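Thanks for making time for this. I would like to walk through one model with you, taking a helix, then the cysteines, then a single threonine.

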Amino acid sequence: MIPSQRHLFDIPREVAYLNCAYMSPLMHEVLEAGSEGLRRKSRPWTISSPDFFAGPEEARALFAQIVGSRADGVAVVPSASYALSLAAANCPIGPGDRVLLAADQFPSNRHIWVGAAATAGAEIVVVDGPDLTEAFLAELDGRAAVLACAHCRWTDGALVDLERLGAACREVDAALVLDLTQSAGALPVDLRAVDPDFAVAATYKWLLGPYSLGFVHVAERHRAGRPLEEGWMNRQGAEDFTRLIAYAEGYRPGARRFDMGEVANFSALPAANAAMRRILDWGVAEIAATLTARTAQIAQQAAELGFQDAAAGPRAGHFLGLTRADGLPDGLPERLAQAQIHVSQRGQSLRITPHLWNDEADVDRLLTVLAAEV
């Protein structure tokens with residue numbers, strides 16, 4: 001169990017921030033790393049050509065360690081939706097095929113596949129049930145071209161068994177596309193065991209990093225695919241600035257062809273790298289165990305007030321959705337925010353997502369206000 005790390009964050013004592021699934025705060029060291037990058041950009045003569053590649057390469061390696069990938073298979077992207085669009089452009093879908101999605105899937109991970117299916121003449125199949133893994137397996141057959149889902153659902157934390165889905169997708173030759181934005185950094189995953197076709201994650205939630213940055217793991221079988229844009233840094237020989245007009249036709253190795261333009265972001269990447277180094281120092285399994293204990297404590301005490309766990313089946317330990325049989329009181333998140341207790345409501349679920357900055361005082365304040373609502 002990891003003790004509270006509140007001292008690493010700029011969170012006033014009067015603020016109980018239990019909303020990491022919305023957006024994480026930045027640690028002092030992350031803010032300093034990003035600020036130092038901006039200061040370097042103010043003196044561009046201090047930035048050499050190798051610096052354009054050092055940040056992205058470190059980021060690939062750090063993210064790969066967190067999710068059980070290899071650095072060569074990681075591309076740097078601006079967002080999860082960018083990476084999901086990349087996946088859709090490189091997963092063959094034909095007329096009559098099926099694309100499997102979870103009910104209440106995050107909008108960008110739905111709209112992209114609905115559009116791709118409409119263009120191909122394929123069918124969208126939405127699955128739901130108390131156990132999302134079983135619901136997907138019940139619909140997964142030879143007609144499936146793609147199964148696209150999150151590791152845990154963004155509304156209630158409903159968890160899927162990635163290794164079972166990976167094995168089942170390979171049996172029917174369906175592509176598996178994962179959104180790890182609500183899990184990477186807080187929930188252990190081994191992508192080498194899962195073997196998805198693509199796995200994406202934005203950095204601004206559980207990776208504790210900046211906004212407008214993310215990563216995509218690309219399976220080796222897709223690394224000769226088509227990138228969404230043709231950046232100069234994606235090409236062979238890009239490291240030699242004196243020969244850029246030689247116009248190399250080949251790409252840099254691995255998943256680097258899929259990197260976003262201006263991938264050498266001199267403020268966002270140092271910030272993300274600082275955050276990922278800290279996550280690896282804590283340990284993802286240790287983070288998960290600590291947060292699981294925290295949400296279990298909240299769930300148990302909230303149950304005594306008449307709140308139920310919104311996830312009917314398996315739930316990610318770092319995620320808690322609370323519901324009531326007669327519905328949540330109107331305006332509850334707003335009243336909590338007025339008391340400087342910050343959570344989210346998604347659908348009919350009060351989403352409570354703590355992290356290592358939280359402590360017993362935060363939990364006590366949350367439960368005191370919930371008790372006053374019933």
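**Helix, cysteines and a threonine**

Helix α9, residues 284-303, has 20 residues and reaches 28 Å from its first C-alpha to its last, close to the 28 Å expected at 1.5 Å a residue, where the expected span is 1.5 Å times one less than the number of residues, and where helices are DSSP runs of H or I with at least four residues and strands are runs of E with at least two, numbered from the N terminus.

Please keep in mind that this is a predicted model, in which local features need pLDDT of at least 70 and side-chain atom pairs count only at pLDDT 80 or more, while totals for chains, interfaces and linings use all residues. Residues are numbered from 1 along each chain as its sequence is written, and side-chain values use heavy atoms, with hydrogens and water left out.

The buried residues of α9 (under 20% relative accessible area, 1.4 Å probe, protein chains only) include Val 284, Ile 287, Leu 291 and Ile 298. The buried residues of α9 pack against α2, α8, β10, β13 and α11, contact meaning heavy atoms within 4.5 Å.

Turning to the cysteines, a disulfide is a pair of cysteine sulfur atoms within 2.5 Å, and by this rule the count is zero. The sulfur of Cys 149 is 8.1 Å from the closest cysteine sulfur, in Cys 169, which is too far for a bond, and Cys 149 is buried at 1% relative accessibility.

Finally, Thr 181, in the loop between β6 and α7, is buried at 8%, and touches Val 200 and Trp 206, among others.

Conventions: Buried < 20%, exposed > 50% of the residue type's maximum accessible area, 1.4 Å probe, protein only. Lists of a residue's contacts leave out its neighbours within four places in sequence.
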